[in-house]
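Trainee: I should like to work through this structure with you, beginning with the ligand and then turning to the backbone. May I put my questions one at a time?

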Amino acid sequence: MKVWGVSVSYYTGKLEAYLRYKGIAYDMAHPFAEQKYIRERAGAIQVPIVERPDGRWMSDSTPIIQQLETEYPDRPIMPSDPVVRFIALLIEDYGDEWLWRSAMHYRWSYEHDRELLSRILADEVTSHLRLPRFVRRHMVKKRQHTLFVKRDGVTKDTWDHVEAGFFNAMRGMLSMLENRPYLLGDTPSIADIGMMGPMLRHFGQDPTPAAIMRNDWPAMAEWVARVWNAHATTGETSLLDMVPDDAASLLKEIAETHMVQLKENALAHGQGRKQFEMTVQGCAYKEMPVSRYRVYCLERLREEFANLSEGNQQKVRSLLPQEEYILIWDPSVEAYSGYDVERAAPFNKGINVLETG
Ligand SMILES: N[C@@H](CCC(=O)N[C@@H](CS)C(=O)NCC(=O)O)C(=O)O
């Protein structure tokens, strides 16, 4: 299949980690020169987008992976125990949607990172523009910093908290990885693949966070390489059938961060607002862009929960004691994105993550 992607992209890296583990062959192409062609077929110009040999197109890494799991049953990454599966999907969603801000901040707020990445992106993303490279680099830097740092709540007051998100994620993951090679077993699950979004192409490669990871958290760098090479080094699928106690610190972090954002975002979207505020672990974020896609993420988590048996719902609730998690099973916060209403994903038309709708 053809993956329309970018070599330094968060979600392209996540999908590639998955495809490599599964042994699914793919070629990569950059989509930005072919805007009209892609937009007609996939909806939004975002990466990754998958063009399949059967002519169909797929958008959004989470449903893309869920679809491919049904077609490529070898080396399953979805835990067969429904409770473990739910927790794995929750970790994936946190990797997808919460750590994005920290990842973009490190890439675009620090000079070395900004210079290197704008050089790479100018070549992969803007080469179709008839402008000198230094102009294209400048455009990339300005766009990315404005959209994904300045307008996504990173200020001098939130700076330290945004960076702490990276450390807290690694701390939570390492308390699990002390006991096994992958987060939820002896082989990778969707939780590992989800966390590869931020950890592979951003924290693991961009100069500033990669130096922090390599020097202060080398076991994380080892995990990134382990997941990337998992096809060659792991045997028969072996995922846990119970959520381990060592997941507690990561699950607490997810409650205090991602759940707060999901809730405030959904409330604001329900009220037709374009911006929202939130206080996360005592840190106040102002003028945050509402994301319609993240309302959809909450809808999907709620659906996953609703599909569990009553006994399994009770088990999930006891694993998630923090009050922020009530959001998942208490529908009093309206979550209706209007996105993918037919539940055709990944074969629907995509939308950009910071589109307010
Ligand atoms: N929900 C999508 C998100 C994809 C996404 O946002 N990709 C980024 C790059 S990592 C992108 O293409 N952004 C488009 C832009 O910056 O205009 C997924 O899971 O694949």
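Trainee: Which of the 14 residues around the ligand come nearest?

Mentor: Please keep in mind that this is a predicted model. A residue belongs to the surroundings of the ligand if one of its heavy atoms lies within 4 Å. There are 14 residues around the ligand, and those that come nearest are Gln-46, Val-47, Asp-60, Ser-61 and Arg-143.

Trainee: How many residues of each class, nonpolar, polar and charged, does the shell around the ligand have?

Mentor: Two helices each supply at least two residues of this shell, namely H1 (10-22) and H7 (133-148). By class, the shell has 2 charged, 4 polar and 8 nonpolar residues.

Trainee: What is the distance from a polar side-chain atom of Arg-143 to an oxygen atom of the ligand?

Mentor: Polar contacts are pairs of N or O atoms within 3.5 Å. Asp-60 has a polar side-chain atom 2.9 Å from a ligand nitrogen, and an N or O atom in the side chain of Ser-61 is 2.7 Å from a ligand oxygen. For Arg-143, the distance from a polar side-chain atom to an oxygen atom of the ligand is 2.6 Å.

Trainee: What percentage of the ligand's accessible area does the protein cover?

Mentor: The ligand sits in the largest pocket. On its own, the ligand has 510 Å² of accessible area, and the share that the protein covers is 90%.

Trainee: Where does Pro-48 lie, given the cis peptide bond that joins this residue and Val-47?

Mentor: Most peptide bonds are trans. The bond between Val-47 and Pro-48 is cis, with omega about 5 degrees. Val-47 is also one of the residues that come nearest to the ligand. Pro-48 lies in the loop between H2 and strand S3 (49-51).

Trainee: Which residues does the cis peptide bond with omega of about 10 degrees join?

Mentor: The proline of this bond is found in the segment after helix H16 (326-329). The cis bond with omega of about 10 degrees joins Ala-345 and Pro-346.

Trainee: Where is the place of Arg-75?

Mentor: Most residues other than glycine have a negative phi. Arg-75 has a positive phi, near 50 degrees. Asp-340, in the segment after H16, likewise has a phi near 50 degrees. The place of Arg-75 is in the loop between helix H3 (61-71) and helix H4 (82-97).

Trainee: Which element of the chain has the lowest mean pLDDT?

Mentor: The chain has a mean pLDDT of 97, with 100% of its residues at 70 or more. Among the elements, helix H9 (residues 190-203) has the highest mean, 99, and the lowest, 90, belongs to helix H2 (residues 35-42).

Conventions:
Residues are numbered from 1 along each chain as its sequence is written. This is a predicted model: local features need pLDDT of at least 70, side-chain atom pairs count only at pLDDT 80 or more; totals for chains, interfaces and linings use all residues. Side-chain values use heavy atoms; hydrogens and water are left out. A polar contact is a pair of N or O atoms within 3.5 Å; within protein, one must be able to donate a hydrogen and the other to accept it, and residues adjacent in sequence count only if both atoms are side-chain atoms. Accessible areas come from the Shrake-Rupley method with a 1.4 Å probe; for residues, only the protein chains shown count as cover. On a 1 Å grid over the protein atoms alone, a cavity is a set of points where a 1.4 Å probe fits but cannot get out, and a pocket is an open set with protein on both sides within 12 Å along at least five of seven lines; lining residues have an atom within 4 Å of a point. A molecule sits in a cavity or pocket if more than half of its atoms lie within 2 Å of its grid points. Helices (H or I, at least four residues) and strands (E, at least two) are DSSP runs, numbered from the N terminus. Ala, Val, Leu, Ile, Met, Phe, Trp, Tyr, Cys and Pro count as nonpolar, Asp, Glu, Lys and Arg as charged, and the others, Gly among them, as polar. pLDDT is the predictor's confidence in each residue, from 0 to 100.
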